[in-house]
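Work through the following exercises with the sequence and the three-dimensional structure open beside the text. Each exercise gives a task, and a stepwise solution follows.

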Amino acid sequence: MIAEAQLSQGPAPHADETFRAHHFETAEQQFAAAKLGMWLFLVTEVLFFSGLFVAYAVFRVLHPEVFVNSAALLDTKLGAINTVILLFSSLTMAWAVRCSQLGQQRGLVLCLSLTIAAAVAFLGVKGIEYAHKWHEGHLWASQYGGPQAGETFDRAGSFFSVYFAMTGLHAVHIIAGIAAIGWLLKRSLRGDFSPAYYTPVDVVGLYWHLVDLVWIFLFPLLYLVG
Amino acid sequence: MSTTLPPTTRLPEQAWKSEPISEPDYLRNKRGIMSWVYTLDHKRIGVMYLIGILTAFLMGGVMAILVRTELLSPSRTIMGPDAYNHMFTLHGAIMTFLFIIPSIPAALGNFILPIMLGAKDVAFPRMNLASWYLWVFGAVFLIAAMALNGLDTGWTFYTPYSTTTNSSVISATLGVFILGFSSIFTGINFIATVHIMRPKGMTWFRMPLFLWSLYSTAIIQVLATPVLGITLLLLIAERALGIGFFDPKLGGDPVLYQHFFWFYSHPAVYIMILPAMGVISELISTFSRTPIFGYRFMCYSAIAIAFLGFLVWGHHMFTSESAMAAVIFSALTFSVSIPSGIKVFNWLATLYKGSISLTTPMCFALSFILLFTIGGLTGLFLGALATDIHLHDTYFVVAHFHYVMMGGSLMAFIGGMFYWWPKLFGKMYSEFWGRISCLIIFIGFNWTFFPQFILGSRGMPRRFYDYKPEYQGLHVISTSGAFFLGIGLILCAAVFLHSLWRGRRAPANPWGAATLEWQTASPPPLHNFVDDPVVTDPYDMADFELQRDTGDYVRRPYTPSQSDGTETQS
Ligand code: HEM
Ligand SMILES: [Cu+2]
C-alpha cells in the first residue's frame, strides 16, 4: 500500500496526524475501523434492497407472464444508456481513490467532478423515463392506468409497483451519493486529502460501487426479462 | 495515556491500589447541559440512553397496568374496546422498540463495552451520539401517534388492517423505521469496536462473555434490522400511495408482509435475550467466585443462537403458511433450544460448588435462570405444530413471551443495573432493599404471568378486551399480581434513587470481578483508564483480595504460577 509506505517513511505534508481521533492508537487503526464500518453499512444496504428483490421474486414466480409483458413497456435503450453512465462513474470513482492515494490533487478534483456529472446524468435519464411512464399511465398498482387497464389492471400494476419501488429507492441512493461525493469534492478543493489520509474518499468510493452494483442487477431484472 | 508499557506487562504492585485518582470522573469533568448535548463520551451517551429507555419503560408500564385493570372484569371496566386496542398496541410497541431492544446493548453496553475492552471509546463516537438522537426522534414519532389518532394495529402492524385503519400507522412506523437506524448504528459501532479496538493480549477467547453476547447481538442488529426498515417503508408506501405489495385488493400479499416482519422480529427476540445472557454469565461467574463453566461453549452458543435465530421466523405463521413450510420451520425452531440449553446447563454447572454470595444482582440472575427456562420450554409447546394450533393467539403466547422478555431480558437488565451501578455512578445501594425488591418482583412476576399459561391453554384469546365469565377468576389473579409486580419495580427504582443521594462511595472493584471495567475508578475518568489496564483471564478472580476497610477488591502481587488464561474451562 502506497499510503502505508509513506506513513512509515515519516512525515509527508499531512502526516502530522491531525486527522487521528484521540481514541485510536494509530492512524492505521482508524483507517481499518472506518473501512470495516463502511463494509458493515454496505451489508445493511444489501439487506435493505434484499426485501425488494424477494418481493420481485415472489411476484414474478406468481405471475411470470405479467412480468414479461410489462417489462416490454420499459425503454431498454434508456436503461442501457444509464447502465453505461453508471459503469463510467464507477471508473471515475475508482480513479479518484487512486488519485487521492497518490496525492494527485488535480486528478482527484477532476475525477470527483466527473463522477458527480455522471450521477446527475443518470438521474436526468431516469427523470425522462419516469415522465414518460407518468404520461402513459404506467404507474404503481393503485394508480395504474395503462393500456392493459380493464383486464389485468392490478397485475401490470404490481410490476410497476416493483419497478418504481426498486428504481425509486435506488435513485434515493444516487442522490445520497451525489451529496457524499460533493462533500468529498469540497474537502479535496480545500486540500484535506493526502497519501497519508484518504479514508473518506476510499469509503465513499465503496458506497458508490455498491450503488452501481445494485443497478447492474436492476437493469436485467426489470428491463431485459421482456 | 501516560504509560508506554505494552498492555500485557505487569505493572508494579502499587499501581494496583485503587488510590483516589486525581483526574475528575466522566460525570464531573465538564459541566453544563451543553456538555451533555454534544458529548461524544460513550459513558455519557450510555447514561442518556438509560434515562431515555427508563422513561419509555415507565410509560409502557403504566399502559400495562391500565390494560390489566381493564381485564379485571368482562366487557367494560375502565375503557371501551377501541381504547383497549390502542392501549395494548402502544404498550407492546413502546416496550419492544423503545425499551427492550435498546435496553442492555445501547444503555449498559454503551457504557461497559469499551471499558471492558480497555478502550477509550467506541470506534465511532459521533455515530454513537447520532444513534441516541435517532432514538429520540424515533420515540417522538412513535409517541406522536398516540397524540394524533392513536395506534390500534398491535405492535406487529399486520396488513391489511394496518393499511386500512384510520389510526396513525404512518407516524408510528416512521418512528420504528428511525429507531431501526439507531439500532443499526449501535450494532455497526460494537462490531467495529470489538474487531479493531481490542487491546494486545485480549484474544477472542479471552473476551468476557458479555462482549461475546453484545457482539453476536450486533451481528443480528446489522443483518436483520434493514429488512424491518424496507418492510416498514413499503408499508408506509402502501398506506400513502397504494403501492400494492401487501394489499390483496391491489394484487399484493399480506402473508408476504408477515414473512418480512418476522424475518426481522424473530431475530429481534434474540437481540433482546442474547445481551441478557451475557449479563447473566458475568453475574453468575462473579458471584460464584469461579470461572464460568464451559467458556468456549458459551461463546459458540451465542454465535449459534444468532445464526439459528435467522432460520425460524416461519413459526409465527404456522396457521398461514403451507404444511410443508410449517414442518420445516417447526424442526428448525427446536434446534434453537440446543444452544439455549447449553447456556442454562453451563450456568448451573458454574453454580455447582461455587462459593455463592446472594447479592442483589445474583438474586436477579438466579431469577433469570428459572424464568427464562420456563419461557424457553413453553416456546417448545408453541414450536410443536399440533399444540400450537391450539395455543396460537391465546394467552399462552402472551405468558410465553413475557417469561422470556420480562422474566428473561428485564430481570437480566435490572440485575446488570445493580451489578454495574457502582461503576456507573460511583455509589453503593442498599443490599437489603435491593434483595427485597427482587423478591417482590419475582413473586409478582409469576403471580401475574403464570395464570396466563392456564388461561391460554383453556382458550382465552389474546388482544380481546372482553371474555367469557369463566375466565374472570384467573384474570383477577393476574391483575392483582401485576399491581404487586408494580410495587416491586417502584421499590427497585427507589433503591437506585436513594443510592444516588445517600449511597456509600463505591470502591473501584466492589465485587472482586476480574474483567477490565473493575480495574478503573468508579465512576471512571473521561478516558476510562489512567493507566492502561492489564489484560488477564476475564474470570480469574482468585487473585483478588477483599480489603476490609475500603470494601475494595485488590489484586495480589503477581505470582508466576498463574495460568496464562487462554483456557478457562474448569
Ligand atoms: C427456546 C426458545 C424459544 C422458542 C422455541 C420460541 C417459540 C415461539 C413460538 C413458536 C412463538 C409463536 C407462538 C404463536 O404465535 O402461536 C413464539 C412467540 C413469541 N416469542 Fe418465542 N420462542 C423462544 C424464545 C423467545 C425469546 C428468547 C423471546 C424474547 C426475548 C421470545 C419472544 C416471543 C414473542 C414476543 C412472541 C410473540 C410474538 C407475537 O406478538 O405474536 N421467544 N415463540
Ligand atoms: Cu419467533
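**Exercise 1. Salt bridges**

Establish how many salt bridges the chains hold over all, and examine the pair A:Lys126 and A:Glu129.

Solution. Taking a salt bridge as a side-chain nitrogen of Lys or Arg within 4 Å of a carboxyl oxygen of Asp or Glu, one arrives at 10 salt bridges over all chains. This is a predicted model, in which local features need pLDDT (the predictor's confidence in each residue, from 0 to 100) of at least 70 and side-chain atom pairs count only at pLDDT 80 or more, whereas totals for chains, interfaces and linings use all residues. Residues are numbered from 1 along each chain as its sequence is written, chains are lettered from A and ligands numbered from 1 in the order in which they are written, and side-chain values use heavy atoms, with hydrogens and water left out.

Next, turn to the pair itself: the closest N and O atoms of A:Lys126 and A:Glu129 are 3.4 Å apart, and the two residues form a salt bridge. Because they stand 3 residues apart in helix H5 (residues 105–136) of chain A, about one helical turn separates A:Lys126 from A:Glu129; helices here are DSSP runs of H or I with at least four residues, strands are runs of E with at least two, and both are numbered from the N terminus.

**Exercise 2. The shell around ligand 1**

Describe the residues around ligand 1 by distance, by class and by helix.

Solution. Begin with proximity, where a residue is near if one of its heavy atoms lies within 4 Å: of the 20 residues around ligand 1, those that come nearest are B:Trp155, B:Asp388, B:His392, B:His400 and B:Arg462.

Then consider polar contacts, meaning pairs of N or O atoms within 3.5 Å (within protein, one must be able to donate a hydrogen and the other to accept it, and residues adjacent in sequence count only if both atoms are side-chain atoms). A polar side-chain atom of B:His392 lies 2.7 Å from an oxygen atom of ligand 1, a side-chain N or O atom of B:Arg462 is 2.8 Å from a ligand oxygen, and for B:Trp155 the distance to an oxygen atom of ligand 1 is 3.0 Å.

Finally, the shell divides into 10 nonpolar, 8 polar and 2 charged residues, where Ala, Val, Leu, Ile, Met, Phe, Trp, Tyr, Cys and Pro count as nonpolar, Asp, Glu, Lys and Arg as charged, and the others, Gly among them, as polar. In chain B, helices H8 (254–288), H11 (360–383) and H13 (395–425) each supply at least two residues of this shell.

**Exercise 3. Chain B against chain A**

Characterise the contact between chain B and chain A by residues, area and polar pairs.

Solution. With contact meaning heavy atoms within 4.5 Å, chain B contributes 34 residues and chain A 32 residues. The buried area (accessible area, 1.4 Å probe, that two parts lose on being put together, summed over both) is about 2,700 Å², and carbon and sulfur atoms give 79% of it. B:Ile196, B:Ile230 and B:Phe245 supply 19% of the area that chain B buries against chain A, more than any other three residues.

Between the two chains there are 0 salt bridges, but 7 residue pairs in polar contact, both residues being at pLDDT 80 or more.

**Exercise 4. Backbone in the loop between H4 and H5**

Which residues are joined by a cis peptide bond with omega of about 0 degrees?

Solution. The bond joins B:Thr159 and B:Pro160, and B:Pro160 lies in the loop between helix H4 (125–147) and helix H5 (161–164) of chain B. That loop also holds B:Phe157, whose phi is positive, about 50 degrees, although B:Phe157 is not a glycine.
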